[in-house]
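The following exercises are to be worked with the sequence and the coordinates at hand. Each task is followed by a solution in steps.

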Amino acid sequence: MDKNFKEEKFTGITKFTPPLYRQRYQFVKDLVGKYKPKKVADLGCADCRLLCMLKFCSCIEVLAGVDICGSAMKEKMHRLSPLPVDYLQPRERPLTVTLHHGSVAHKDHCMLGFDLVTCIELIEHLEESELKKFPEVVFGFMAPSRVVISTPNFEFNPFLPGVKLFRNPDHKFEWTRLQFQSWALETARCYGYSVEFTGVGHPPRGMENVGFCTQIGVFVKKYPQTSASTPSEKPTEAVYKTVFKAVYPSLKDEKYLQNAVVREVTFTAQIIKQSLLNHLMSEHGEYNDDPIKRKSKFQPSVNCFSEDLGKLVVEKSTESFVNGNMVYIPLATIFSFPRVNRLCGTFEKLRKLVAGQVTLSSDGSAVMLSTEHEDN
């Protein structure tokens with residue numbers, strides 16, 4: 001049998017591994033990883049499980065969910081709030097997560113400008129009147145670059161025990177592959193999209209003719225959106241009610257960037273200091289028993305770098321040294337470390353961010369750390 005399909009013959013229970021809903025969500029996540037959309041909206045987000053998975057995608061800066069059932073969102077929306085680790089390790093890009101209570105048959109200006117819109121197991125829950133409005137709302141009004149729509153494949157239902165007609169009592173219909181593809185192709189034609197069909201949940205071996213358990217259409221806008229082609233129709237009043245909003249800490253915020261830089265500078269300086277002291281102690285081992293003599297033997301401009309620090313090549317002006325009970329580590333040396341360099345961008349930015357946050361030499365060119373605890 002297929003690797004993601006298991007059938008217990010004696011009980012008649014059909015199971016998918018991973019579960020079918022996770023396969024659908026993974027399909028969307030893989031699509032996000034491939035095309036790197038910045039703004040993603042999930043229509044019919046229900047318990048927000050897909051949104052919870054997508055919030056870890058570093059390319060996404062705006063994440064929105066819409067559902068007609070406000071209670072389902074409110075019950076699980078706390079999972080979309082930033083965690084303590086998000087403040088300790090801020091994202092490089094900003095992220096705003098918003099949940100809206102409303103119908104996908106209605107237009108709201110807050111849903112404009114998205115790169116990717118997902119409708120996972122949604123359309124089969126729509127009444128006929130809502131389904132008629134759905135294409136104009138999503139493809140005409142929102143007009144994202146890509147749309148992913150998944151829906152049950154009615155032809156697969158005989159393989160699902162206990163299913164007499166539809167898989168869920170709330171489903172208003174379930175389409176065969178031909179019905180779904182006919183609807184999708186006509187929708188794509190009307191609104192300037194192309195569409196490709198695929199799915200998740202393979203049938204038992206030898207029954208491939210019934211298709212996937214979940215059928216998926218991936219719509220791609222044929223012509224990139226421009227300011228001239230942006231829908232001009234904007235409701236004067238908001239139709240959706242915002243029930244949740246979270247703004248994640250990111251390095252685009254000066255406050256979080258400064259905290260991250262100070263932590264990285266302090267960590268890097270400690271590593272360099274320890275490497276320098278280890279180097280000097282091994283060179284002058286005969287003084288290890290006498291801290292005073294050992295300090296007097298330490299000379300300025302001693303190269304402190306070991307192979308563990310990446311074999312960095314530095315000029316004498318960026319060499320660390322010990323003077324008395326203080327270790328001097330030039331900011332230029334710290335700036336040469338990739339992580340610090342990437343965080344700050346420029347040396348002047350580094351100086352600005354650490355000023356007043358770490359102990360610097362009188363001319364502000366080096367970080368100063370005490371050797372006292374090394375002697376105790």
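The model is predicted.

**Exercise 1. Determine how strand β7 is paired and whether it is enclosed or open.**

Solution. Begin with the pairing on either side. Seven bridges connect β7 with strand β9 (residues 214–221), and these two strands run antiparallel. Within β9, valine 218 is the residue opposite valine 148. Strand β6 (residues 116–120) is also paired with β7, through five bridges, and here the strands are parallel. In this pair, cysteine 119 has isoleucine 149 of β7 as its bridge partner. The connection from β6 to β7 passes through helix α5 (residues 128–142), giving a right-handed β-α-β crossover. Finally, consider burial: of the seven residues of β7 (residues 146–152), six are buried, so the strand is largely enclosed by the rest of the structure.

**Exercise 2. Describe the surroundings of histidine 100.**

Solution. First, locate the residue: histidine 100 belongs to strand β5 (residues 95–101). Second, apply the cut-off for burial, which is under 20% relative accessible area. Histidine 100 has a relative accessibility of 6%, so it counts as buried. Third, look for a polar partner: the side chain of histidine 100 makes a polar contact of 3.2 Å with that of threonine 242. Beyond four places in sequence, the contacts of histidine 100 include Ala64, Asp67, Met73, Cys110 and Tyr240.

**Exercise 3. Establish which elements contribute to the largest nonpolar core.**

Solution. Start from the best-connected members. The largest nonpolar core has 39 residues, and those touching the most other members are Val32, Leu54, Ile60, Leu63, Leu80, Leu99 and Phe244. Next, assign the core to elements: two or more residues come from each of α1 (20–35), α2 (49–54), β5, β6, β9 and β10 (241–248). Helix α1 gives the largest share, six residues. Then take one member in detail: leucine 63 touches, among others more than four places away in sequence, Val40, Leu51, Leu54, Leu95 and Val97. A second core, separate from this one, has 32 residues, with Val104, Val138, Val147 and Ala184 among them. In soluble globular proteins, nonpolar side chains tend to be buried together.

**Exercise 4. Compare the expected and actual span of helix α7, and identify its N-terminal cap.**

Solution. Helix α7 (residues 254–283) has 30 residues, which at 1.5 Å a residue should span 44 Å. The C-alpha atoms at its ends are 43 Å apart, in agreement with that expectation. For the cap, examine aspartate 253: one of its side-chain oxygens lies 2.9 Å from the backbone nitrogen of lysine 255, capping the N-terminal end of α7.

**Exercise 5. Examine the backbone at proline 18, lysine 36 and cysteine 48.**

Solution. The reference point is that most residues other than glycine have a negative phi, and most peptide bonds are trans. Proline 18 lies in the loop between β2 (13–16) and α1, and the bond leading to it from threonine 17 is cis, with omega near -5°. Lysine 36, in the loop between α1 and β3 (39–43), has a positive phi of about 55°. Cysteine 48, in the loop between β3 and α2, likewise has a positive phi, of about 70°. Are these two residues buried or exposed? Lysine 36 counts as exposed at 53% relative accessibility, whereas cysteine 48 is buried, with a relative accessible area of 0%.

Definitions and conventions:
Residues numbered from 1 in each chain as written. Predicted model: local features only at pLDDT ≥ 70, side-chain atom pairs only at ≥ 80, totals over all residues. Heavy atoms only, no water. Buried < 20%, exposed > 50% of the residue type's maximum accessible area, 1.4 Å probe, protein only. Helix = DSSP H or I, 4+ residues; strand = E, 2+ residues; numbered from the N terminus. Pairing = 2+ DSSP bridges. Right-handed = clockwise from strand over helix to strand, strands pointing away. Polar contact = N/O pair within 3.5 Å; in protein donor to acceptor, adjacent residues only side chain to side chain. Contact = heavy atoms within 4.5 Å. Core = buried A, V, L, I, M, F, W, Y, C linked by side-chain atoms within 4.5 Å. Expected span 1.5 Å × (residues − 1).
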